[in-house]
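Student: Could you teach me how to read the main features of a protein model, going slowly from one to the next?

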Amino acid sequence: MEKQSFEAALKELETIVEKLENGDLPLDEAVKEYEAGMKLSKHCRQLLDKAETVLASVVNEHGDSEPLDDPNTED
Amino acid sequence: MAEDALTVTALTRYIKYKFEADEHLKNILLKGEISNFKHNVRGHFYFTLKDDRAQISAVMFKGNAWRVPFEPEDGMSVLVRGYVDVFERSGGYQIYVESMEQAGIGNLYQQYLKLKNDLEKAGLFDERHKKAIPMFPTQIAVVTSRTGAVIRDILHVIARRYPLCKVLLYPTAVQGEHAKEEIVKNIERANENPDNDVIIVGRGGGSIEDLWPFNEAIVAHAIFDSKLPIISAVGHQTDYTIADFVSDKRAPTPSAAAEIAVPDKMTLLERIDDDGRKLRHGLKTLLKEHTTALNRIMQRTIIKDPSRIVMPYSRQYEYIEGKLRLMHPRKQLAQSYDTLSTKEKALRLAYQSVVNTAKNHYEQVTSNLEYVNPLSIMKKGYTMVRKDGKILKKARSIDSGDAIEVVFSDGRVTSTVDTVILEDEE
């Protein structure tokens, strides 16, 4: 769960939403799906809230990548 | 001696006369590079035209200046037509420009049109070759200069909109002699890195010469051959290069390219909230449906009055018993008793099975009612107080010293009451 990418988590969340909205699940399964959906929604939100800076790198002449100094601070 | 001296005005007038008398100076086509350009508030242009060895002041009055179809700027190579005259007040000569065009543009523009036409015919701009830009990229390759506003603007936008995405810069010369080869090489290198999801190729604004690498055929083909989708952002909004036509998506500015490349955090957060709302609503609807169905079952006569299940059997029993009474001989009677007991046994079994079925059904139904069960409520932290096995609803039914039992969902606590504090009832 922790390592699930934002895209995958969002996709799973929306599949669950669709399932629940169709309304043809047995009640116990619906509750399980609901809980999983809420967990995914929280996970997605955390991923977005947690990331603040972009991880930027630059490819050097040897083809290796090294951190790119934030050009915003060079001004 | 002093009487022979000329005034400055007289000399200047004489020099001016000499200039004006020269036919060659009256209509000049001059090529040079603009420097020190000023567009003054009245609409006149003041600038210097120069080449590597000389320079001349130039002025272009508003009446002519407004007809120039571009905004001249320092470093621009231009062709001007005009005349040379002396400006007495400053004691200098200058060229009075009547018309101006960009030198060399004609030639480059022809090349541009030809290549654009050729590539279009070859199908490089066809909509069916355009690759979709991924919705949630994890890494964006940027092919542009390491310095300059382009990478800075892109990072700025991505940090604001979707900081989950990584950015990998391929430092590239985007103008000058080797620019086209570097652009091609770095598009290829970006394609070799499996972590990249999309490429942004771009540079800031500049003259048509500065943007020229993006009008080169090899760059166009590199963009076309790229397996990764490419967003182009070359020059200003009004500049359309060949690269823009071949790329999968053209952005008017580098910031716009970043906006195309990544989704917006705010929109995503709203979408996640909305999904949460839909989940809650879906479950609520489902619970409501089940409750209604359950209530319907509970209203059924068979559940409300299970004795009805045995009614037909008891009638049969009574009938058999009546028949039996009518039979006189003992033997017959004994035989009948046997039959009766067999039937009675069968009846009892049938009765038991029917009752069991009803009971099972009822239990299943009540277990679905888990969430209205007091035990469920107690799991949330409510407890139940009993005295002598009876549930207490009011504090006034307890006296200090009473032994009471507090019932939790997972066990019970017995305790003795210290004090009873009563609150006035409304």
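Tutor: We will go through chain A, the sheets, the salt bridges and a charged patch.

Tutor: This is a predicted model, in which local features need pLDDT of at least 70 and side-chain atom pairs count only at pLDDT 80 or more, while totals for chains, interfaces and linings use all residues. Residues are numbered from 1 along each chain as its sequence is written, chains are lettered from A and ligands numbered from 1 in the order in which they are written, and side-chain values use heavy atoms, with hydrogens and water left out.

Student: How many helices and strands are there in chain A?

Tutor: Helices (H or I, at least four residues) and strands (E, at least two) are DSSP runs, numbered from the N terminus. Chain A has two helices and two strands, and along the sequence they follow the pattern α-α-β-β. Buried means under 20% relative accessible area, exposed over 50%, and partly exposed in between, with a 1.4 Å probe and protein chains only; of the 75 residues of chain A, 37% count as buried.

Student: Which strands make up the open sheet of seven strands, and in what order?

Tutor: Two strands pair if DSSP finds at least two bridges between them. Here the order is β2(A)-β1(A)-β7(B)-β6(B)-β8(B)-β9(B)-β10(B), with mixed pairing. The edge strands, β2 of chain A and β10 (249–250) of chain B, each pair on one side only. Within this sheet, β1(A) and β2(A) run antiparallel and are joined by three bridges, one residue pair being Val59(A) with its bridge partner Ser65(A) in β2(A).

Student: Why is one side of β12 and of β14 of chain B left without a neighbour in the sheet?

Tutor: Those strands belong to an open sheet of four, in the order β12-β11-β13-β14 (chain B), where the pairing is antiparallel. Because β12 (390–391) and β14 (411–416) stand at the edges, each has a single partner strand, and one side of each is left without a neighbour. Two bridges join β11(B), residues 384–387, to β12(B), where Lys390(B) is the bridge partner of Lys387(B).

Student: Which parts of the chain does the salt bridge between Arg13(B) and Glu88(B) link?

Tutor: Side chains of opposite charge can pair when their charged atoms come close. A salt bridge is a side-chain nitrogen of Lys or Arg within 4 Å of a carboxyl oxygen of Asp or Glu, and a search of the whole structure finds 19 of them over all chains. Arg13(B) and Glu88(B) meet at 3.6 Å, N to O, and the pair links helix α1 (residues 8–21) with the loop between β4 (77–87) and β5 (92–102) of chain B, 75 residues apart. Arg13(B) is exposed, at 54% relative accessible area, whereas Glu88(B) is partly exposed, at 34%.

Student: Are Asp85(B) and Lys16(B) buried or exposed?

Tutor: Both Asp85(B) and Lys16(B) are buried, and their side chains form a salt bridge at 3.2 Å, N to O. Asp85(B) lies in strand β4 and Lys16(B) in helix α1 of chain B, so the pair ties together parts that are 69 residues apart in sequence.

Student: Which residues are linked with Arg45(A) in a network of salt bridges?

Tutor: Arg45(A) is linked in that network with Asp49(A) and Asp273(B).
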